[in-house]
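Colleague: Please take me through one strand of this model at close range. Then work outward from there to whatever it connects with.

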Amino acid sequence: MKEFNGFTKEDFNSFTIDGLENRMDAIRERIQPKFKELGQTLTDDLSASLQTEMFLHIAKHARRSVNPPKDTWLAIAGNKRGYKQHPHFQVGLFDDHLFIWLAFIYELPNKDGIAKTFITHIDEFNKLSSKDYVISLDHTKKDAKPFEEIDLNRSLERFRDVKKAEFLIGRHFRADDPVVRNGKQLYEIIRETFKELTPLYRLSFK
């Protein structure tokens, strides 16, 4: 992975550009080549650790016709055709932060089953070593709460019972955090985060 040098202020500033086409041009030119470089290495890592073929997907925002995207991401899933209906790993940018997620979004057909499994095995979450993990219940919003402050059981019950509810767990890094601009260091952090979240990914298939 020789070409990935991290994400710059200019990359994050892509989301301040007015107009759908102009912003998408910036995303395609500045961010997506980095997603391809970083994402393929991460996909190879996950394929090796999970001992099953994983596939890289880069958000195209193809359904948008007016409103420019507020964020963009790469996703890695065990399905070649798509990722939204499957548990998946994500790395992406809003204008003010980078996110690293293990994501379970509302399009999952077995959302309630996964939630029930997580509730039954809630102790697995306590094995996470990092104190800076955050949880989001809606992938379209910037908001995320620290793992240590959230009512995990209630969040999982909501994920189970509310059709549009989601569950994402991972890390956030501010756009001005030096690690975001250090490609090698950022890659290692993402790889280690995915590694630590892999038991939860595996658990979602039980």
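Modeller: Phe89 stands opposite Leu102 in β4. Strands here are DSSP runs of E with at least two residues; helices are runs of H or I with at least four; both are numbered from the N terminus. This is a predicted model, so local features need pLDDT of at least 70 and side-chain atom pairs count only at pLDDT 80 or more, while totals for chains, interfaces and linings use all residues. Residues are numbered from 1 along each chain as its sequence is written, and side-chain values use heavy atoms, with hydrogens and water left out.

Phe89 belongs to strand β3, residues 88-93. β3 and β4 run antiparallel and are joined by 6 bridges; two strands count as paired if DSSP finds at least two bridges between them. The link between β3 and β4 is a hairpin through 3 residues.

Now the other neighbour. β2 pairs with β3, again in the antiparallel sense, over 5 bridges. Phe89 is the bridge partner of Ile76. Gln90 is the bridge partner of Ala75.

Next, the faces. In a regular strand the side chains alternate between the two faces of the sheet. In β3, His88, Gln90 and Gly92 point one way, and Phe89, Val91 and Leu93 point the other way. Of the 6 residues of β3, 6 are buried, so the strand is largely enclosed by the rest of the structure. Buried means under 20% relative accessible area, exposed over 50%, and partly exposed in between, with a 1.4 Å probe and protein chains only.

Step back to the whole sheet. It is open, with 7 strands in the order β1-β2-β3-β4-β7-β5-β6 and antiparallel pairing. β1 and β6 (145-146) stand at the edges with a single partner strand each, so one side of each has no neighbour in the sheet.

Phe89 also leads into the packing. It is among the residues with the most contacts inside the largest nonpolar core, which has 51 residues. Such a core is a set of buried Ala, Val, Leu, Ile, Met, Phe, Trp, Tyr and Cys residues joined through side-chain atoms within 4.5 Å. The elements giving two or more residues to this core include β2, β3, β4 (97-104) and β7 (167-174), along with the helices α2 (20-50) and α5 (183-203). A second, separate core of 12 residues includes Ala75 and Ala103.

Ile169 is another of the residues with the most contacts in the largest core. Leaving out residues up to four places away in sequence, Ile169 touches Ile100, Trp101 and Leu102, among others. Contact means heavy atoms within 4.5 Å. Leu102, then, is the residue opposite Phe89 and a contact of Ile169.

Last, the two helices. The axes of α2 and α5 come within 11 Å and cross at roughly 40°. Axes are lines fitted to C-alpha atoms, for helices over the stretch in contact, and angles run from 0 to 180 degrees between N-to-C directions. α2 and α5 are therefore oblique to each other. For angles, under 35 degrees counts as roughly parallel, over 145 as roughly antiparallel, 65 to 115 as roughly perpendicular, and the rest as oblique. Among the residues that meet are Leu38, Leu42 and Leu46 in α2, and Ile190, Phe194 and Tyr201 in α5. Phe194, like Phe89, is listed among the residues with the most contacts in the largest core.
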